[in-house]
Amino acid sequence: MAEDSDAEKTEPASAKRLEQAREEGDVPRSREVATFTVLMAAGAGLWMTGDGLVRQLQSVLVSGLKLDQEQIFNADVLFHRIAVDVVQVLIACLPLGVAVMVVALASPMLVGGWLFSGKAFMPNFNKLNPINGISNMFSTNALVELVKAILKTIVVGFVTWLVVLKYKDAVIGLSLEPLKLGIGHTLNMLASSFMFIVGALGLIAAIDGPYQMWHYANKLKMTRQELIQESKESDGNPQIKGKIRQLQREMAKRRMMADVPTADVVVTNPTHYAVALKYNDGMRGAPKVVAKGTDEVAAKIREIAREHKVTLLEAPALARALHKHSEIGDEIPEQLYAAVAEVLAYVFQLRLFSSGKGKYPDKPRKLDVPPTMDPLDPAYIPKHGPQADLNNGASA
């Protein structure tokens, strides 16, 4: 069952999959939306510029039917006259043509957007495979296209029938009207009929546009295994990433251990915690933590400290507080200044004694470690979480 569910394409396409499809020239397209917008633009253009266009074309037609003797017997003059008339026709139709062209170029923005892909021009011999062609003929997409064609025929036919019923009497009455008035009425009826029929196509376009978007998204869906594989290719194999993180931790641990010999003192728990502190005399700032760890790491820190004669001091509460509230390379918290100062004073006095100066110092017994910073103290306040807020509120 798990294999079956993994094999099903139930996951939405990833951004990489969508981008790859666009690079290959595969984007959602709706011919119905493009056809509707272009025809509607043409109809609206004819409606707005129809009168002027008819007058200009009528003028060209009347002018073209008048020929003088020179034009009849001189082919050059006749050809020049024809060229002038053709140019006038093109100029008369130019605004309408430009409007339709602009709408045709802008219509892809409604579904899929503009796309320029060189891969779409590359020859694809799979499209010449007759088996693929036969399978496409009996596919779901072919069935949808058949339904759309039938639906368009029914809708357009029904609207055309309504238009014929509406203008039936008017068409019969055109024979009784003067020529110019009849031409005007004819153009108005043609424009109205055209707009009604194109409006019917708008219903098909309103359905086809969302369907094409859904079909495209459904076609590019991925299986869970494909998503996992893509994630591995994009972000790297989790096992390799885990190995890299492990190596990084080991390198950080080696660097930390290399800094232990430079420490002034190692504060211990004595067995579970170890924190190495260093203070540069004469420099501003508080002592810094150069190494810290628990259990095996703490044991290694103590071992290195003994090898390099770094002072070890058992101070369980201070060791726990430093380990909990300090990071390697950071200065110690302000609340622990007094306790650490007492420890460093003991270490410096011990060095003087070792060099033959002064007397042997007494070990610090009761260090000033705030109970709220010791993780094992009942009064400890966690750094984060709801309990921290409760304790802070209680303290306030």
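Tyr360 is partly exposed, because its relative accessibility of 46% falls between the 20% limit for buried and the 50% limit for exposed. The model is predicted, and every value here is computed from it.

Tyr360 has an aromatic partner, Phe353. The two ring centres lie 5.1 Å apart and the planes meet at 85°, so this pair is edge-to-face. An angle over 60 degrees is what earns that label. Phe353 is also partly exposed, at 36% relative accessibility.

The structure contains three aromatic pairs in total. Another of them joins Phe158 and Trp161, whose ring centres are 6.2 Å apart with planes at 40°, so the pair is tilted. Why does 40° give a tilted pair? Planes under 30 degrees apart would be stacked and those over 60 edge-to-face, so an angle in between is tilted.

Phe158 and Trp161 both belong to helix 7, which covers residues 140–173. They are three residues apart there, so about one helical turn separates them.

The accessibility of the ring residues named above is listed here.

| Residue | Relative accessibility | Class |
|---|---|---|
| Phe158 | 48% | partly exposed |
| Trp161 | 49% | partly exposed |
| Phe353 | 36% | partly exposed |
| Tyr360 | 46% | partly exposed |

Helix 7 also holds Ala170. Is Ala170 buried, exposed or partly exposed? With a relative accessible area of 33%, Ala170 is partly exposed. Its C-alpha atom is 8.7 Å from that of His185, a residue 15 positions away along the chain.

Terms used. Residues are numbered from 1 along each chain as its sequence is written. This is a predicted model: local features need pLDDT of at least 70, side-chain atom pairs count only at pLDDT 80 or more; totals for chains, interfaces and linings use all residues. Side-chain values use heavy atoms; hydrogens and water are left out. Rings of Phe, Tyr and Trp (its six-membered ring) pair if their centres lie within 6.5 Å; planes under 30 degrees apart count as stacked, over 60 as edge-to-face and the rest as tilted. Helices (H or I, at least four residues) and strands (E, at least two) are DSSP runs, numbered from the N terminus. Buried means under 20% relative accessible area, exposed over 50%, partly exposed in between (1.4 Å probe, protein chains only).
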